[in-house]
Amino acid sequence: MPSKMNMAPLALAALLCVSTTMTNAALAQEQVVKIGVTGPLSGANAFAGKDNENGVRLAVEDLNAQKIKVAGKTVRFELQSEDDAGDPKQGVTVAQKLVDGGVKFVLGPYNSGVAIPASRVYNEAGALMSTVGTNPKITQGGYKTVFRTVASDAQVGGSMASYAARELKVKNVGVIDDRTAFGTGIAAEFKRQAQAAGMKIAGHEFTNDKASDFAAILTSLRAKKVDAIFFGGYAPQAAPMARQMKALGLNVPLLGGDTLCSPEMAKLGGPAVGENVRCAQAGAIIAKQPGGPAFLDKYKARFKREPDVYAPSFYDQTMFIAQAMKTANSFDPAAVAQQLRSQSYAGVVGTYGYDDKGNLKKTTVTVYTFKNGALAPLASY
């Protein structure tokens with residue numbers, strides 16, 4: 001008869017064996033899905049990159065709380081965020097790092113100039129890329145797993161041109177672009193549709209996305225007696241541009257796309273950014289959407305700040321991918337992509353559904369201005 005001392009180790013071993021078996025069984029029923037995020041986490045646009053990351057992080061936390069099941073397994077989403085610095089070369093390096101690490105679903109890049117070359121890497125690896133890059137070239141490559149989650153330059157630039165002609169009665173407009181893929185693309189679309197609406201392009205000037213002195217450009221446009229200036233570029237340049245316009249007595253509207261619809265504009269521009277700034281942003285007015293107020297409250301509670309431009313879009317697309325994954329009952333990006341094109345998703349900032357090229361079938365564009373340092377909607381198209 002074995003002694004009590006001999007029985008204890010045997011019982012402990014049996015208990016450990018049962019525990020290990022149970023743990024292994026639980027792990028076998030769980031599937032980890034990595035969600036990659038790529039954007040500028042350093043440099044002048046780091047505020048936007050962090051905001052986008054926060055949108056995905058919030059979605060991942062909500063999805064993990066739901067414990068959704070796909071192919072009989074409980075899915076645990078893991079976020080992997082990488083800094084592409086808004087640089088095309090670094091963006092390609094980051095894309096390769098993500099796909100080499102087994103990431104099949106990527107939210108980003110933020111910049112069109114990064115998204116265009118990175119899309120090739122994701123396509124070749126069979127990964128699904130969802131970007132807010134607005135340059136039309138992003139979805140012209142024929143890649144079946146590339147999606148644009150917002151309006152394109154044609155839609156945003158066209159809406160601003162329409163607003164400038166109808167509401168502001170602009171006749172003589174100056175155009176400035178920062179020579180990035182985004183800035184050039186949206187400036188070209190604005191020019192094309194502004195001319196179609198009867199406006200004269202008084203001049204097209206160029207700068208870059210690192211500049212801070214625009215005096216020469218603005219003085220040239222002032223001499224041409226422009227009624228407004230359209231800037232294709234980002235908030236870190238647009239804000240000092242607004243200050244310098246005021247200093248030069250160039251008291252005309254500063255128009256732009258979604259990148260100017262950022263709290264960063266008011267933060268950097270101070271009193272020089274007000275109702276003189278008009279910007280167009282994809283999506284309906286979030287505060288007026290059914291799930292909008294709850295999202296805004298949740299975001300602020302989680303991150304102790306208001307969301308910037310695209311956090312809601314990044315949140316929505318992450319949730320849509322999870323919905324498509326469930327419907328496809330598959331973790332295969334190609335199967336998920338097919339579902340993204342065949343179904344729709346009611347998100348916090350609008351309804352999503354994609355055409356064969358990966359563009360939104362329908363999207364609203366809202367024109368905003370700034371009042372007391374905050375965005376204020378003017379019209380939706």
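**Close-up views of a predicted model**

**View 1. A strand pair inside the seven-stranded sheet.** Let us start with Ala282, which stands opposite Val365 in S14. This pair belongs to the antiparallel match between strand S11 (residues 277–282) and strand S14 (residues 365–371), joined by 4 bridges. Please keep in mind throughout that the model is predicted. Zooming out, the open sheet has 7 strands in the order S8-S7-S9-S10-S11-S14-S15, with mixed pairing. Strand S8 (200–206) and strand S15 (374–380) are its edge strands, and each pairs on one side only. On average, neighbouring strands of this sheet are turned by 25 degrees against each other, direction ignored. Helix H6 (residues 181–196) packs on the sheet, where it touches strand S7 (172–177), S8, strand S9 (228–232) and strand S10 (254–256). The direction of H6 makes about 165 degrees with that of S7.

**View 2. The six-stranded sheet and its hairpin.** Here the strands follow the order S2-S3-S1-S4-S5-S6 in an open sheet with mixed pairing. S2 and strand S6 (146–148) stand at the edges with a single partner strand each, so one side of each is left without a neighbour in the sheet. Strand S1 (residues 30–39) runs parallel to strand S3 (residues 73–83), and 10 bridges join the two. Within this pairing, look for Lys34, whose bridge partner in S3 is Glu78. On the other hand, strand S2 (residues 69–70) runs antiparallel to S3, with 2 bridges between them; Val70 stands opposite Lys73 in S3. S2 and S3 form a hairpin with 2 residues between them, and Ala71 in the turn has a positive phi of about 55 degrees.

**View 3. Met129 and the helices on the six-stranded sheet.** Met129 stands opposite Val146 in S6. Strand S5 (residues 128–131) and S6 pair in the parallel sense over 3 bridges. Helix H4 (residues 112–125) lies across S1, strand S4 (105–107), S5 and S6, and runs at about 160 degrees to S5. H11 also packs on the sheet, touching S1, S2, S3, S4, S5 and S6, and its direction makes about 160 degrees with that of S4.

**View 4. Two nonpolar cores.** The largest nonpolar core has 98 residues, and those with the most contacts inside it are Phe77, Phe190, Ile229, Met265 and Leu340. Helix H11 (residues 311–328) gives the most to this core, with 9 residues. A second, separate core of 14 residues includes Val94, Leu98, Tyr122 and Met129. Back in the largest core, what surrounds Ile229, leaving aside its neighbours within four places in sequence? Its contacts include Val173, Ile176, Leu218, Leu221, Met245 and Leu250.

**View 5. Thr219 on helix H7.** Thr219 is found in helix H7 (residues 215–223). With a relative accessible area of 33%, Thr219 is partly exposed. Gly249 is 30 residues away along the chain, yet the C-alpha atoms of Thr219 and Gly249 are separated by 9.8 Å.

**View 6. Gly347 on strand S12.** Our last stop is Gly347, which lies in strand S12 (residues 345–347). Is this glycine, Gly347, buried or exposed? Gly347 is buried, because its relative accessible area of 18% falls under the 20% cut-off. Not counting residues up to four places away in sequence, Gly347 touches Asp316 and Tyr352. Gly183, by contrast, is 28 Å from Gly347, C-alpha to C-alpha, and the two are 164 residues apart in sequence.

Terms used: Residues numbered from 1 in each chain as written. Predicted model: local features only at pLDDT ≥ 70, side-chain atom pairs only at ≥ 80, totals over all residues. Heavy atoms only, no water. Buried < 20%, exposed > 50% of the residue type's maximum accessible area, 1.4 Å probe, protein only. Pairing = 2+ DSSP bridges. Axes fitted to C-alpha atoms, helices over the stretch in contact; angles between N-to-C directions. Contact = heavy atoms within 4.5 Å. Core = buried A, V, L, I, M, F, W, Y, C linked by side-chain atoms within 4.5 Å.
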